[in-house]
Amino acid sequence: MEHTSKLPNVGTTIFTIMSALAKQHKAINLSQGFPNYPSDKNLHDLVTKAMDNGYNQYSPMAGHLDLLLTIANKYNTLYNSSYHPEAEITITAGATQAIFTIISAFIGKEDEVIIFKPAYDCYEPAVELHGGKAIPVQLSAPDYTVDWNEVASKISSKTKMIIINTPHNPSGIIWSKEDMLQLQKLTENTNIIVLSDEVYEHIIFDNEQHQSVCLFDDLKERSFITASFGKTFHITGWKIGYCCAPKHLMDEFRKVHQFNVFSVHHPSQKGIADYMEDASTYLNLPSFFQKKRDLFLSLLSKSKFKFKPSKGTYFQVLDYSEITDEYDVDFAKRLTKEVGIASIPLSVFNENNQDDKVLRFCFAKTDETLVKAAEILCQIK
């Protein structure tokens, strides 16, 4: 018996492919976005304490109240923006689950969703799975700037959602206040929902400010924010995040959330809430990661790679056009096999596999790892 796939064109992700190659060839793995250093033992101890204190049964569906209050307080403090802790914030099994649930709740057959490419690879399959159609807006290296006239031309009566991501994975760029105002203007007086993937909100450099959708009143009323404790606290394996939205949107989100997840690991929620009582746990991240970015780029100054310093996230895009004209997937695989360093080619995130001759490297690594990786990259001619 044959079964028709709802995602016939989806295969193994590039992250799995490159990490498997890195393991096979014992290469330094700068491909997937996770740290190779330990997370804070204090956080581990707080989660253990929560387990010892009995937080081992289901949490409320929306999340543990202490954590919801902590998140609400963070938005008040950082953005002077309010989300009701019990009605407008939901704890999720990572940001990817939040994104999938938002799309599940609102996207149906023939609905159009505008996606800026290169785009994180979980967006488009979720849209297709629910019968929607992804409408791409292709951004190009090295600046990845948005042509808002093009965006306007792609909005139609079928446009149901626009997905944005700032700071942006994989490019490392950030959206400006002007970008957000343009988005607000294009969506005002419409029923378009904005899904704002802000998982790297605390990893932003050079004294820039994160332009969250919640800073723009009209935009906030039509938007979801998705966020990740995994990215913020170096605990990607815990798969815990959250989303925020006005009540009329969150009510619809929870209709789906209650049946595909219901609730998230309870002791982690309590431990993270207690950990976040010290705001430095996330406010110190820009300086922590900027030191790593600056170290990595200073070591690459004598290489043949070209770059513009990442403005946010813990990824750096390197242009290899002065080294070879190979297709980026082929070059990434060859670097892994022949010189022992794994990266991510960006064409796999682009429309029609547009190849800008760039690779993405993760610098959320120990300084020792970054030094070793840079030594290898500087030897490539």
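Modeller: Helices (H or I, at least four residues) and strands (E, at least two) are DSSP runs, numbered from the N terminus. This is a predicted model, in which local features need pLDDT of at least 70, side-chain atom pairs count only at pLDDT 80 or more, and totals for chains, interfaces and linings use all residues. Residues are numbered from 1 along each chain as its sequence is written, and side-chain values use heavy atoms, with hydrogens and water left out.

Biologist: How many helices and strands are there in the protein chain?

Modeller: Under the DSSP runs just described, both kinds of element occur in the protein chain. The count is 15 helices and 12 strands.

Biologist: What radius of gyration does the protein chain have?

Modeller: The radius is taken over C-alpha atoms, and the globule rule is 2.2 Å times the number of residues to the power 0.38. Because a compact globule of 381 residues would come out near 21 Å, the chain agrees with the rule, having 21 Å.

Biologist: In which strand is Asp197 found, and is Asp197 buried or exposed?

Modeller: Asp197 belongs to strand S6, which covers residues 193-197. With buried meaning under 20% relative accessible area and exposed over 50% (partly exposed in between; 1.4 Å probe, protein chains only), Asp197 in S6 is buried.

Biologist: Which side chain of opposite charge is nearest to Asp197?

Modeller: Lys and Arg count as positive and Asp and Glu as negative, with His and the chain ends not counted. A salt bridge requires a side-chain nitrogen of Lys or Arg within 4 Å of a carboxyl oxygen of Asp or Glu, and Asp197 has none. The nearest such side chain, 7.9 Å away, is Lys231.

Biologist: What share of the 381 residues counts as buried?

Modeller: By the accessible-area cut-off already stated, the share for the protein chain is 56%.
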